[in-house]
Each structure stands twice: as C-alpha cells, then as structure tokens.
Amino acid sequence: MSGVVSSNTMIHGNIMIFYMSYPDAHWRDQDMFSSSQSLKILSNLVAAGAIHSSGLLDEIIFEVLGFTAAAVNVKSAEANDLIAKIWSPELLSKISGFYSVILSLIKQYLGKFVNTSSFSIIKMLVDNSGSGIGSSYFRHWVSSVEIFSQVVGCNEDASGRILYECNACIATMLSHVAQGLKACAPTLVPDAASSPSRVNEILNRILDHAKTSGLVDHLCLCLENAGLSLLSGSSHLLRAACEACRAIWSLIDALEILFVKENVYSFPLNTLWSHSSLQIDNREQDRGSLVGIESAKIVDVVTRAFLRSKDIQVAIYYCLHQRLEAPLSAGIQLMLRCCLHSGIVPSVLCGLRSSLPVTTIVSGGGDGTILSEIFSILSFCASCSNKDAQTGETNNLKGKITNPCGLVLHSCLIIATVAQCLKSSGRNSALFMLTTNSKKQSSRLSLLAHHFSSDERMKTSLQPHCASAMLALASILSLETGVSIESSISEIAVPLIPRTATLCNHLKIISGDENELGSTIPNGMLSYWHGLRDGCVGLLESRLKWGGALAVQQLCASGIPQLLINLLYNNHSKACPQGIDSTIDRVGLSSVGVVWTVSSICHCLSGGALTFRQTLVRNEHIKLISCLISDVHLKLVRVWGGPGGGKDGVRDVINAVIDLLAFPFVAVQNAPGLPSATASVNSGFLLNMGSPGGRVCVEDKDMVKAIEDDMGKYIKILMEVGVPGIILRCLEYMELKDMGRPVAFLAKMASHRLLAVQLVGKGLLDPKGMRRLLDCSCPREVTLDVLMIISDLARMDKAFYEYINGACILEFLREFLTHEDPNVRAKACSAIGNMCRHSSYFYGSLARHHIISLLIDRCADPDKRTRKFACFAIGNAAYHNDNLYEELKRSIPQLANLLLSAEEDKTKANAAGALSNLIRNSNKLCEDIVSKGALQALLKLVADCSAVALNPN
C-alpha cells in the first residue's frame, strides 16, 4: 500500500511541475530541466505499468496535452529569440517525447480493454460516476487535433519526430475508436442497456469532430510533404506518412463500422432470397456509398488528393515499401477504397497514362508502380510463411508481421479490385497488370496460386486469405475475355487452377447451423464488396473456358453444374432449419461471383446432352435463372456500390443470363428443319461470339440432334416461366449502347411462333419501346435485329400486322431506306416486303409515308442484297391489288435492267416476279411493260434459262 501511495505522490508531484512549468515567454533553462526530469520519470512509470487509476491517467494526459499545446503556441510569438529557443533541437526532442508519453498512456489504457469483453470496455470508458477518462476522452481528442493542425504545417521539425509522434497519437486514438465501435454493439452487452449509448455518444462525437475539423486535409498535407521530401532524397518524414495513412484508414474504418452496424448489409443475391429487398427503396445505399455516405466523403477527399498530387502517390508507395504491418494494411485498404471510388485510380496504381485509350494494350504494373509493390508484399508474406525444411521454424522475417494471412487477404483483394475496375472501364488484357515480361507474368500468377495452394487448411475449409488469392487470380484472368491479340496468360494460368476435386469441395454448401465460414467472415464476405466463393467460381469459369472439351466433361461428371445451381439458389429451396437466420449468407457470392457462376453453367452445357437436359430442360432451373434478371434483383445490382454493381453490373448479369438461355438457339441455328436463326446475321454474331453453343454445332452433331428434339419442350418452359416478358423488362434497365445481346435474343425468340405471340402480348411492339430501339443513337446491331424481328413477325402471320402498324415504325423504315449502312437498307427492304406478304394492309400507309419511291430507288442500290430485297418488296407491293400500280410504274425499267445484268439468280427471280405482279391485278401497266423493254428482258431471261437447262455444261 505504501508503494502505491509513494508512486501516486511522485506522479502528482511531476504533474505539478508540468503545471507550473508551461512554456511561455519567461520560460527558463531550469524550467526546461525540471520538465525534462519529470518527463523521464513519467516515461519510466508508464513503461513499468505503474499507473492504474483511470482518473490519474486522465489527469496526466490532460496536463501533457496542455504542456505540448503551450509549447507549440509559443512558436507563434513575435520574439525571434524566443522562437529560436523554443524550437531548438533540444526542445523539439522534449515535445516529441511528450507525444511519446501520450501515445504510451493511450496504448496502455485502451490496450487494457481491446481484448476483453465488450462489457469491460464499457466499464472502462464510462464509469459509474461519469467522470472517468471515457467522458473526457473527447476533450483529449480535440486537444490532440488542435495541436496536430499546428504541427503539420511546421517547417522547423527537421527530424520529423514531432510530426511522427503527433500522427501516431491521432492514428492510435482513431484506431481505438473503431475498435470501440466494434465492441459496443448492444447485443453484446445485454446487462448494460444504457452503457452502449453513452459510449457511442463519445465515439460519435469524436468522429463528427474528425469530419468537420479539417483533419483529413491535414493528414493529406502530411502525405504530400512526405512525398515531396522523398522525391528530394530525404526520408525523415516517411514514418509520419505511415502514421498519416494509418490515421486516415482508421477514420474510414470507424465510419464504415458505424454505418454497417446501423444498416442491413448483404450481397444482392442473398438479399434477393432473404426477401429483405422490400426495403430497397428505403435503404441508404446509392452508388458510391455502399458503406455509408460519411465514409464515402472521406474517401472522396483522399482520392482527389491522391489523383491530384504525385507527391502523395510517392508517399503511399514508400509507405508500402516500409514493410511495417499497420501502415501496410492501412495503405492497402485505403487504396482499395480509392479504386472503388474512382475508375482512374486503378490505372494510376498500374502506371497507365490517363490519356491512353482503353483499347490500346500496353505493359502495366511495372517496377516502381504501387501495384508492383503490392505483388512484392505478397512475395514478402510468402517468405514469412515459409518454414525451414530442417528446423521447422518459420523464417526470421515473420517477426516483422504478426498476421501475414491478413496482409495477404487485403493485398489480394486490392489486386482483384484493380482487375475488376480495369475490366469495367473496358481494358481487356492482363498485360495491364502483369507487364509484357513473360517471367513477371509467370511469377505473379504463380505467387497468387502459392497463397491458395500452400495452406494445408484449404483441404478442409476455404480460408479467407486463400479465397482472396483465388479471387485475385480469377479477376486477372477475366481480363483476357475478348482479348483481340494472342496471349500466353491462359497457358500459364490453367495449370495453376486447383484440381476438380478441390473446386467441388469449396463449392459445397454446408447445411444446418454449422458455421463453415467462421467468425472471421461476416455473412460470407471477404470484404464489404467481395464474396468468399467469388474466386472459386471465377477460376472454375477459366478452367471451363480454356481447359477444352475434356475439362468440361470431367467437371460435369463431378456434378459441378448442380453445385453451381445450388450456389445461386443459396440453399433457399428448402425452409431454413428452426433457429437459423434466413438472412445469413452461407454462400458468399457478390454480383461478380454471380456472373461468373452463370457463365460457368453456360460453359458446362457443352458437356453433353444429359447435362443440357438436367440443367436447362427443367422448369425450376429456368425459374431460378430468370430470377437473376427479375426487377428485384436488377434493382439490387443497380444500387450495389462495389464491383459488379451499377449500370455495368446490370448489363453483365443480363448478358450472362441471356448467353445461358440462348444456348439451345445458338447450338441449333444451322440445323435443318428449324426456323432460320441466321436470317439475322447480326444476332448470330453477337450470341455466337465466344459462346459454347456455337462450338457445339461444329463439335457434337449428336448433341445438336438431342437439343433439336428437346427444343419444343424448352420453348414451352420459357413460356411457362414468362421469359419473353422478363427479357423485355430487362431493356428498361439497360443503356442503349448495351442492348445488343438482349435484342439479339429477342430476335432469336421472335422466329418461333409461340414465343413470338407471347413477346407481342408483353409489349414487344410498344411504340415507345420501338422508338427507343430504332433511334439513331442505338447501336447498329440493335437496329438490324429490330428490323429482323419486324420482318420475321410480318412473314409469320398477318395477325401481327395490326401490332406492327401500332408500333408506328414507318417513319423509321423510310429513313432506313437511305441509311449509309447497306445492311440496314437491305433489312428495311426485307421488312417492307414481308409487311406486304399476306395482304394489302400496309399499301395505304406506304403511299402516305412516300416509301414506294425510295423503295424503287433501291433497285439500283450499289449493294446486291439491297437490290434483291427491294425487288422482293416491290413484287409484294403489287401482288394483292393495283392500288400502288401508278406509283410502282417507275420501277419497270429498273426491274428490266436487273434481268439483263449480272445479278444472282434470286435477284432476277424477284425482279421477274415483280414485273408479273405489276400486270396481275389490272392492265394499267401493260403498255409500260412493253414500251420500257421489260417484256423483251423477260423473254431473254427465259431464253438464257432454257439454254442452261438444255446444256448444263
């Protein structure tokens, strides 16, 4: 007891010395000596852990902060000699020491409750009297920030020690605010109902002050100054920059924790099945604020500063190069948020020029880039985890980091994010991240594979850091989709992908209440934006895509298709066991993972007729797949703020589902006996490009025959589920530039009568929708497919004429007859010809819109397909009655000329038929037929054809 009293007396005495010796204009050398001795005593007491009273800690911190503030304020005095005295190297050392004391005190005090129960945390922060350090913590915070704001702009700190200690103090306090928010969840402390609100009030006040005090701007200034110093050859501010990174990240982390605690948070797929999407319109979850608007504002400030200042970029690079665990983790997570906030940041990390067109493939991620440094961090972590083969002891490097798995997790997540952001921006090549150096490519891909293949625990469960490494590799490989130049990436990558058995094991969902994800993976998430199984399905897709037919068959034999369907259904096909929260995501698929899963199923379809039947020719599976493009899920994806979200995410999920649903149509498009799917050259091209269905027709005739046999049943399922109407609604969620695939699929379906009837009934020919699709700003392929749809419907049945007329498309058809693209002119002529095939329903409308004259001009078009279909249209315009004869009279010499020209037989047949129809309904044009040379041309054609028939050789 006497020892405690003695210690307390000593401490109070030292505090009095501080109080009596605040620096001012009359500060003497003796005062400096006394303060120095007091500082030394306090430092020893703190180091020995001799201070236990929270009240005493509060008093000490208050006095040390007061002393430091006084010392800093003296700097602004007018007396030059006093400024020189106060900011002498000796005093600078003292001020730096005071911050060390503050930091030590905070660490000692807060460290006591970080690893204890949440109740203990609350007990420490808010004592019964309300007068402990918890209630005064905000006051200490404000004092620290005020001092920091003065220190950060100081140029006299040649060693950088003061700025370092100052930043460290701010970072530590914010770090513990974040930890306090994690621990103060009311559900964790049911016996202290009022305490969490009091703790949260203190922590929220600190965060509010941090947001409004200009703290982030000062921290960015610190980074900028450090970068400038580093570029000039000095590293004295590097430690301060590391702590600035940690402080910014801790603030963002705290704000994210606060938001997520107060809001329902899950991936779109899980929200879809848990039926919590009914509150979608009421959630604060717009683009860019997935984890809260407040944290997004901080990220915005940092991102703007990062993009504006080369000095900050340099500072971040060297902070990562330091290999200090806390700044490493902070810097990586900070850059990940910046990447998600701005699509420009990933290019900067890869060292790509902003002026570089996205379609120009260059070497990226080279030495000296931040991305290269992140790969070096992964290599460093790999060396930390390597064990000496003889001693079994870990490498000495491990002493530098306590959690290499955590560092691997965050490093791989930022690599995955960079790849996904590059792909979203239109950069389709892994060379943007792997350089053009083949050794570097192999080394980096192998490094990622090492981190998910070397952990023995992966045999029994999917470890977070391993899952993130798989995601990083899968994301890089996804950049190779649609690459226009040959690349060796696939050859390097395929052997690195885990074996089939391993993939199957990781794709299985454990049912019941078993927590396969562990407490470290909240709700199936590797991060707020990345799912636990995203990487697994991404690598599976790469194996299916690049492994050849044998790999597809092996994976199908292992039951992969059904495992993938189970993932999408999230095991909600059965009621959750009693006591299990239906909102818990046991799958872990983000929007990116969903697209990869659907794509993988599509690749599996080429594995054989049985796989096709078991996957697609099942009503419940088509319902499941269709749910992914339902209004509810598309809205969820549209507001999702991470990779795979927004308008681009909506496009990707719609296109993936369409590729899957269109597989049978593509596979049989050239098969005899079915409606021509190649009539629209354009739709065949879009849906065939990289589609497994296009390869089936060439590689497996028996499977094509099986698909033909099941086509009727498949179409019936599509109708029962209402797929035509669902696809039409998808158009409402897509921009005009992205409508190529859905409209191509509509063109495929419109060639089948049953599907065509349902499409028209669901509004395919709605005039508002037609105006949008036929607008001049729409992609050319969309225009061609819409014209093909009109042509197919008009040819199929005159019952569609009324709906076509209601679509109000004649003005567009007239413009298309003079379009610069010959394909558009040809399609327009074909559509008009079929609109006149069954009756004279459109004769009057064609005349009123002055279309006949333009149609006649097309008989002399430079494009041969346009001439052929123009003759076909004129023939049908004259077939049913003579109402248009007078206007069609001008076509006679054009048609006659075609009979005498070197045209293909079909064109001549159409021209001859048109001339015949011009005298079919009356004799109005008989004289013109003779006088314009048409009769002579017909006779010559007959003679030529007879000669060929009599002498085929």
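## Exercises on cysteines, helices and salt bridges

C536 has a relative accessibility of 1%, so it counts as buried (under 20% relative accessible area; exposed is over 50% and partly exposed lies in between, with a 1.4 Å probe and protein chains only). The model you are looking at is predicted, so local features need pLDDT of at least 70 and side-chain atom pairs count only at pLDDT 80 or more, while totals for chains, interfaces and linings use all residues. Residues are numbered from 1 along each chain as its sequence is written, and side-chain values use heavy atoms, with hydrogens and water left out.

**Exercise 1.** Find out how many disulfides the structure holds, and explain why C536 has no bond to C504.

*Solution.*
- Start with the criterion: a disulfide is a pair of cysteine sulfur atoms within 2.5 Å.
- By that test, the structure holds 0 disulfides.
- C339 is in no disulfide, and its nearest cysteine sulfur, that of C421, is 5.9 Å away.
- For C536, the closest cysteine sulfur belongs to C504 and is 8.7 Å off, which is too far for a bond.
- Accessibility completes the picture: C339 is buried, at 1% relative accessibility.

**Exercise 2.** Place S590 in the chain, then work out what its side chain makes a polar contact with.

*Solution.*
- S590 sits in the loop between α26 (560-569) and α27 (591-604); helices (H or I, at least four residues) and strands (E, at least two) are DSSP runs, numbered from the N terminus.
- With a relative accessibility of 2%, S590 is buried.
- Its side chain makes a polar contact with the side chain of D534, at 2.5 Å. The term asks for N or O atoms within 3.5 Å; within protein, one must be able to donate a hydrogen and the other to accept it, and residues adjacent in sequence count only if both atoms are side-chain atoms.
- Leaving aside residues up to four places away in sequence, S590 touches F267, W529, G531 and D534 (heavy atoms within 4.5 Å).

**Exercise 3.** Is helix α37 largely enclosed or not, and which residue pairs with R741 in a salt bridge?

*Solution.*
- Helix α37 (residues 740-750) has 11 of its 11 residues buried, so it is largely enclosed by the rest of the structure.
- R741 is among those buried residues, at 15% relative accessibility.
- R741 forms a salt bridge with D659, the closest N and O atoms being 2.8 Å apart (a side-chain nitrogen of Lys or Arg within 4 Å of a carboxyl oxygen of Asp or Glu).
- This pair links distant parts of the chain, as R741 is in α37 and D659 in helix α31 (residues 646-661), 82 residues apart.
- D659 is partly exposed, with a relative accessible area of 21%.

**Exercise 4.** Contrast the sequence separation in the salt bridges R890 with D857 and K940 with D944.

*Solution.*
- For R890 and D857, the closest N and O atoms are 3.2 Å apart.
- R890 lies in the loop between α47 (885-888) and α48 (892-900) and D857 in helix α45 (residues 851-857), so the bridge ties together parts 33 residues apart in sequence.
- For K940 and D944, the closest N and O atoms are 3.0 Å apart.
- K940 and D944 both lie in helix α51 (residues 934-950), 4 residues apart, about one turn of the helix.
- Elsewhere, salt bridges that share partners join K647, D648, R651, D652, E735, K737 and D738 into one network.
- In total, the structure holds 32 salt bridges.
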